[in-house]
Amino acid sequence: MPNSQRIFVDAVKRYCARHEIAVEVRSQGWLIVMQRGSKRHFALGYDVGLNSAIAHRIANDKGATAEVLGLAGIACVPHTVFLNPKLGEHIAPSGSWVAMLALLGQHPEGIVVKPNEGTSGRSVFRVSSRLGLERAVQEIFSSNLTLAISPYVEIEDEVRVILVDELPVVVYSKDRSHLNWRHNLDAGARPVLLEQGEAREACVALAVRAARAIGIRFASFDAVRVDGDYRILEINSGVMMETLGKIHPELVDAAYSAALDKVFGV
Ligand SMILES: Nc1ncnc2c1ncn2[C@@H]1O[C@H](COP(=O)(O)OP(=O)(O)O)[C@@H](O)[C@H]1O
Ligand SMILES: [Mg+2]
């Protein structure tokens with residue numbers, strides 16, 4: 001099993017042991033089969049099956065997330081999606097390059113180009129020139145079918161809220177190293193738990209509104225503070241907590257337990 005997934009798999013196994021649920025780990029941890037009585041439940045990747053298919057798809061699509069949140073009047077970082085020309089002319093509209101250049105032109109402070117369905121900060125580029133944009137687009141399209149472009153924003157603070165049916169099970173701020181502009185824990189940022197207070201309340205309230213807008217039950221919500229106010233940057237419906245698990249294993253267990261309680265109706 002990939003090292004990165006061990007914490008999730010172990011948490012599920014512990015939960016099942018505590019609740020006398022039979023558990024079988026297949027495909028090196030990618031698929032987990034849980035059985036209580038005659039009823040089977042599955043976990044695939046980091047997905048425990050609480051979210052509807054459409055909520056899951058919207059959360060994993062940065063452009064669709066921004067659209068849905070925008071429709072609901074929820075503050076978010078806008079993301080515009082572009083399809084890989086490899087998809088063929090009748091799917092990917094022509095003229096994408098012109099539209100990308102227009103976005104660059106509208107944002108002299110720069111834009112961020114990334115895989116539309118990315119996670120963990122891979123291939124996330126900040127660009128402010130035509131050449132930079134060209135390189136980023138080429139790199140992303142070499143292994144992704146869609147990319148998303150957002151205006152670069154000066155992030156004062158980035159907070160992750162994990163909700164299970166609107167209950168905040170984990171809330172932490174991502175303390176990035178000074179050399180890095182991205183806040184991914186995989187890229188070296190440290191999770192710092194948020195104490196009760198204004199920032200925590202604001203982020204939880206924003207995440208709950210976003211959860212309702214998308215109709216999602218178990219997800220992580222990344223809120224960024226820009227000019228003093230929080231807005232949603234992205235939502236992930238596969239909740240990964242590997243880095244957090246190294247510092248606060250009890251919180252990771254509690255979060256997955258709360259989600260599995262919903263799955264099993266405990
Ligand atoms: N528009 C943006 N402006 C400033 N920083 C950004 C922007 N988009 C992303 N980032 C930074 O890059 C990191 C990774 O981007 P994100 O959208 O979360 O993609 P991924 O799904 O790969 O984690 C974020 O945590 C954030 O710190
Ligand atoms: Mg991210």
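Reader: What distance separates the centres of domain 1 and domain 3, and how do you know where these domains begin and end?

Author: In this predicted model, the centres of domain 1 and domain 3, taken over C-alpha atoms, are separated by 37 Å. The bounds come from the domain assignment of the protein chain, which gives domain 1 as 3-49, domain 2 as 53-76 + 155-261, and domain 3 as 80-151.

Reader: What makes a set of residues the largest nonpolar core here, and which residues have the most contacts inside it?

Author: A nonpolar core is made of buried residues of kinds such as Ala, Val and Ile, joined through C-beta atoms within 7 Å. The largest such set in this model has 56 residues, and those with the most contacts inside it are Val161, Ala207, Ala210, Ile214 and Ala223. Helix α6, which covers residues 198-214, gives the most to this core, namely eight residues.

Reader: Why is this core said to lie between two domains?

Author: Domain 1 (3-49) and domain 2 (53-76 + 155-261) both give residues to the core, and therefore it lies between them. Apart from this core lies another, of 13 residues, which include Ala136, Ile140, Ala148 and Ile149.

Reader: Which residues are in contact with Ala223, leaving aside its neighbours within four places in sequence?

Author: With those neighbours left aside, Ala223 is in contact with Val159, Val161, Cys203, Leu206, Ala207, Tyr230, Arg231, Ile232 and Leu233. Here a contact requires that the two C-beta atoms lie within 7 Å.

Reader: How do you know that strands β8 and β9 pair, and what stands opposite Arg160?

Author: Pairing requires at least two bridges, and six bridges join β8 (residues 157-164) to β9 (residues 167-175), so these two antiparallel strands meet the requirement. Arg160 stands opposite Tyr172 in β9. The hairpin of β8 and β9 has two residues between the strands, and in this hairpin Asp165 takes a positive phi near 45 degrees. Strand β9 is also joined by four bridges to β10 (residues 190-193), and these strands run antiparallel, with Ser173 opposite Val192 in β10.

Reader: Why is Ser123 called partly exposed, whereas Asp227 is called exposed?

Author: A residue is exposed with 12 or fewer other C-beta atoms within 10 Å, buried with 20 or more, and partly exposed in between. Ser123 has 17 such neighbours, so it counts as partly exposed, while Asp227 has 8 and therefore counts as exposed. By the same rule Ser96, found in helix α4 (residues 96-106), is partly exposed because it has 16 other C-beta atoms within 10 Å.

Reader: What makes the phi values of Ser123 and Asp227 worth pointing out?

Author: Most residues other than glycine have a negative phi. Ser123, although it is not a glycine, has a positive phi of about 55 degrees, and its place is in the loop between β5 and β6 (125-127). Asp227, also a residue other than glycine, has a positive phi near 50 degrees, and its place is in the loop between β11 (218-226) and β12.

Reader: Which residues come nearest to ligand 1, and how is the shell around it made up by class?

Author: Of the 20 residues around ligand 1, Val112, Gly118, Ser150, Arg182 and His183 come nearest. By class, the shell has seven nonpolar, seven polar and six charged residues. Domain 2 and domain 3 each provide at least three residues of this shell, and strands β5 (111-115) and β12 (229-236) each supply at least two.

Notes. Residues are numbered from 1 along each chain as its sequence is written. Chains are lettered from A and ligands numbered from 1 in the order in which they are written. This is a predicted model: local features need pLDDT of at least 70, side-chain atom pairs count only at pLDDT 80 or more; totals for chains, interfaces and linings use all residues. Domain bounds come from an automatic or database domain assignment. A residue is near a molecule or strand if its C-beta atom, placed from the backbone, lies within 6 Å of it. Ala, Val, Leu, Ile, Met, Phe, Trp, Tyr, Cys and Pro count as nonpolar, Asp, Glu, Lys and Arg as charged, and the others, Gly among them, as polar.
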